[in-house]
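Student: I've got a structure on my screen and I'd like to talk it through with you. Can we go piece by piece?

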There are 2 protein chains.
Amino acid sequence: MTRFASGVSNLRSSQIRDLMSLATRPGIISFAGGMPGNELFPLAEMDEIYNDLTEREKQVAMQYGPTCGLPSLIESLNSYLKEKGLPVDTHKLLITTGSLQAINILANAFIDAGDSVITENPSFIGALSAFKSYSADIQTVDLDSDGISLEKLALKLDSMERKPKFLYITPTFHNPAGMLYSKERRIALIEMMKDRDIPVIEDDAYGDLYFYEDDLEDIRPMIAYPHEGVEICYTGSFSKIIGPGLRLGYMLVPPHIYDKCELIKQSVDACSPSFTQVIADKFIRSGAVKKYLNEVRQEYKLRAEAMHKALKSSMPEYVSWNKPQGGFYVWVKLPKGINSMSLLKPAIDKGVVFVAGSTFDPYAAKDDCLRISYCNTPVEVINKGVPIIAEAIKDAYKQLELK
Amino acid sequence: MTRFASGVSNLRSSQIRDLMSLATRPGIISFAGGMPGNELFPLAEMDEIYNDLTEREKQVAMQYGPTCGLPSLIESLNSYLKEKGLPVDTHKLLITTGSLQAINILANAFIDAGDSVITENPSFIGALSAFKSYSADIQTVDLDSDGISLEKLALKLDSMERKPKFLYITPTFHNPAGMLYSKERRIALIEMMKDRDIPVIEDDAYGDLYFYEDDLEDIRPMIAYPHEGVEICYTGSFSKIIGPGLRLGYMLVPPHIYDKCELIKQSVDACSPSFTQVIADKFIRSGAVKKYLNEVRQEYKLRAEAMHKALKSSMPEYVSWNKPQGGFYVWVKLPKGINSMSLLKPAIDKGVVFVAGSTFDPYAAKDDCLRISYCNTPVEVINKGVPIIAEAIKDAYKQLELK
């Protein structure tokens with residue numbers, strides 16, 4: 001009956017729902033969520049912004065706005081992105097209702113039923129759902145420690161009968177893999193995609209949450225590099241830099257793609273919430289965003305380092321993971337023979353929930369990793385929860401040896 | 001390349017954009033908009049609500065919420081709708097990002113490319129765009145003074161080779177036709193659709209904006225009538241009862257349709273803005289909504305009556321229109337030989353903008369009416385603007401006679 005129902009298995013959706021309900025069970029330690037910690041929101045700044053709004057600004061906040069976004073927010077966001085080196089003069093900004101909507105609209109613009117697209121494996125589940133909802137054939141390419149494997153990508157491209165409609169990647173603080181594409185990989189990927197007429201969707205929801213100034217060169221978005229011959233559609237989010245409840249994101253895309261996307265957005269929800277756009281604009285314009293980001297970066301860094309330390313002291317030697325440099329996630333690699341889904345129940349029984357790795361594989365096949373996030377759990381909870389996962393892994397390993 | 005681009009003509013979209021830019025040109029009198037007047041928004045109530053929020057409530061406002069909507073808003077909206085006689089016990093509520101999103105998600109759930117749907121002619125342009133974006137074949141049925149013509153609907157249904165996926169209607173204070181289905185027509189339509197397995201989408205964005213208590217019986221939504229054997233999907237909006245800038249709407253639908261729509265919403269924008277949901281919840285819960293609606297009803301009624309009076313005193317006898325009983329619009333019928341689009345340029349040159357009737361025909365063919373809205377213009381502006389449209393019509397009529 002629907003493209004969507006045929007694309008997304010109900011099993012997976014109900015599984016996610018179960019996880020979500022467990023993740024909020026009183027007393028359980030959740031490393032499952034991908035949301036900022038409640039205690040980290042800039043409530044005082046919000047209050048100040050709201051109470052400083054003029055009557056006229058409040059009227060704008062209550063009214064419909066242009067489909068592309070409020071002019072004032074587009075202006076301030078343009079400056080913010082320009083400062084980061086993004087090509088705001090040659091590309092156009094479209095404000096969206098969260099960055100998932102940006103990805104969804106791009107998918108709508110590019111995909112006709114049955115078209116192929118390429119994603120990383122693992123990949124962001126929201127994007128996978130969106131692509132499936134347009135009946136895309138999702139082809140995947142593995143990551144290595146520097147980013148998407150160029151060798152495997154070349155093989156994939158050569159093996160495909162019809163050109164894929166786009167390549168979707170998350171080069172910076174990957175969800176779920178936590179990793180960061182190296183500068184070299186970014187440049188080599190642009191070179192490889194040159195003149196192929198396959199747009200690249202660069203999802204950068206986490207780029208502002210770097211922990212180490214030394215990485216600044218590495219997290220420079222691909223769209224900020226010279227990329228003649230490759231169309232890059234960049235998507236970003238306000239969810240990690242202010243709060244997801246504002247439901248604001250954006251895309252920065254070549255003008256002809258923008259035109260299509262604006263038309264689609266018009267029929268999707270007419271415009272994004274003016275109310276939260278007014279607030280986001282003030283948050284950027286006042287400079288509060290930079291101050292706030294400095295604070296949350298410090299806090300997430302603390303949590304990430306605590307998680308890395310807890311993993312080091314509790315995990316057996318046959319388990320490995322990335323040392324987080326930013327973002328929300330650690331991607332824990334399990335030894336051969338143990339799959340992540342089988343650990344979920346024992347871990348939950350002991351009071352900890354995470355997300356099984358196969359959740360991030362469009363075919364739910366690869367299950368040799370698990371995702372634990374530190375974004376939403378204070379250090380003492382991390383120290384309590386990580387050893388419990390380690391125990392579950394060790395138990396499974398023992399049983400494996402007994403077989 | 002995209003389903004959407006093939007569905008919506010760029011001409012029409014650019015025409016709307018031109019209109020929109022003219023409608024906001026300084027000094028021009030605009031009867032084109034479908035937005036509430038800026039001066040009518042409940043800013044004082046918003047301030048009070050915002051400043052009374054607890055820290056915990058503000059955290060909820062900043063965070064992701066459930067895809068279906070915040071539990072507290074679902075609870076308060078359920079009560080609000082129950083009081084209006086809506087079947088909240090047998091149907092399920094899904095909060096959406098504006099009611100256009102509710103219509104778009106239903107379209108996504110029901111339509112596969114090439115499927116037919118039936119709408120009224122004229123019909124809400126946002127819905128038409130959404131249906132076109134899923135490559136629907138849109139079949140239309142004319143309205144008469146009591147609602148959709150049952151005779152023509154029966155002929156249409158008999159003539160169609162494949163069953164349409166749904167019937168989309170706006171029985172209460174129609175956009176653009178301004179009219180109200182009679183009680184008898186509502187009941188007869190339910191009877192006619194019985195056991196046909198064609199769901200009815202009942203769009204009720206304007207139902208709360210009635211002007212006369214006597215009409216209360218007539219505006220009772222179709223979903224509130226017994227309707228065994230007909231699946232009714234009801235959509236509503238917060239745009240007219242608080243403000244469009246909140247981007248909140250909802251659908252009240254049978255459970256099995258709800259399940260599909262919730263899955264779709266998950267991949268569209270994950271959830272609607274928590275920030276504005278928290279505020280909308282308080283607005284309903286505190287009773288402010290009722291007080292506010294009483295106030296705006298009075299103001300819109302004043303404007304509507306002024307417009308009716310201005311039309312009576314300035315329009316020639318060969319022009320007719322509905323006397324508005326609620327909502328935002330008057331639908332002005334032109335004499336044979338004059339089309340609405342041809343009046344637009346002369347009217348704009350004289351300083352008034354409206355929306356040409358053909359805008360609301362999915363095939364841009366029927367153009368014997370024009371839509372003027374009184375929602376966004378104070379009485380003195382209405383009194384100044386309506387005679388200008390009358391002049392443009394009289395001029396066109398004279399030229400018609402000279403031919």
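Student: How many bridges join strand 3 of chain B to strand 4 of chain B?
Tutor: Keep in mind that this is a predicted model. Strand 3 of chain B covers residues 116-121 and strand 4 of chain B covers residues 137-144, and the two run parallel. In that pairing, V117(B) sits opposite I138(B). The number of bridges joining the two strands is six.

Student: Which helix makes a β-α-β unit with strand 3 of chain B and strand 4 of chain B?
Tutor: Take those parallel strands, 3 and 4 of chain B, and look for the helix that completes the unit with them. The unit is right-handed, and its helix spans residues 125-133 of chain B. That's helix 7 of chain B.

Student: Which residue stands opposite D144(B) in strand 5 of chain B?
Tutor: Strand 4 of chain B is also joined to strand 5 of chain B (residues 147-148), by two bridges, and this pair runs antiparallel. A hairpin through two residues links them. Opposite D144(B) you'll find G147(B).

Student: Over to chain A. How far apart do the C-alpha centres of domain 1 and domain 2 of chain A lie?
Tutor: First, the split: the domain assignment gives domain 1 of chain A as 3-41 + 290-402, and domain 2 of chain A as 43-288. Taking the C-alpha centre of each, the distance is 25 Å.

Student: Which element gives the largest share of the side of domain 1 of chain A that touches domain 2 of chain A?
Tutor: The contact takes 34 residues from domain 1 of chain A and 36 residues from domain 2 of chain A. On the domain 1 side, the elements giving two or more residues are helix 1 (3-7), strand 11 (329-333) and helix 12 (288-314) of chain A. That side divides into 17 nonpolar, nine polar and eight charged residues. The largest share, eight residues, comes from helix 12 of chain A.

Student: What radius of gyration does chain A have, set against a compact globule?
Tutor: Chain A has 403 residues, so a compact globule would come out near 22 Å, and the value for chain A agrees with that. Its C-alpha atoms fill a box of roughly 70 × 55 × 50 Å along the principal axes. The radius of gyration of chain A is 21 Å.

Student: And what percentage of the residues in chain A are buried?
Tutor: Chain A comes to 14 helices and 14 strands. Of its contacts with a separation of 6 or more, 76% are between residues 24 or more positions apart. Among the 403 residues of chain A, the buried part makes up 53%.

Methods
Residues are numbered from 1 along each chain as its sequence is written. Chains are lettered from A and ligands numbered from 1 in the order in which they are written. This is a predicted model: local features need pLDDT of at least 70, side-chain atom pairs count only at pLDDT 80 or more; totals for chains, interfaces and linings use all residues. Two strands pair if DSSP finds at least two bridges between them. A crossover is right-handed if, with the strands pointing away from the viewer, the path from the first strand over the helix to the second runs clockwise. Domain bounds come from an automatic or database domain assignment. Two residues are in contact if their C-beta atoms, placed from the backbone, lie within 7 Å. Ala, Val, Leu, Ile, Met, Phe, Trp, Tyr, Cys and Pro count as nonpolar, Asp, Glu, Lys and Arg as charged, and the others, Gly among them, as polar. The radius of gyration is taken over C-alpha atoms; the globule rule is 2.2 Å times the number of residues to the power 0.38. A residue is buried if 20 or more other C-beta atoms lie within 10 Å of its own, exposed if 12 or fewer, and partly exposed in between; C-beta atoms are placed from the backbone.
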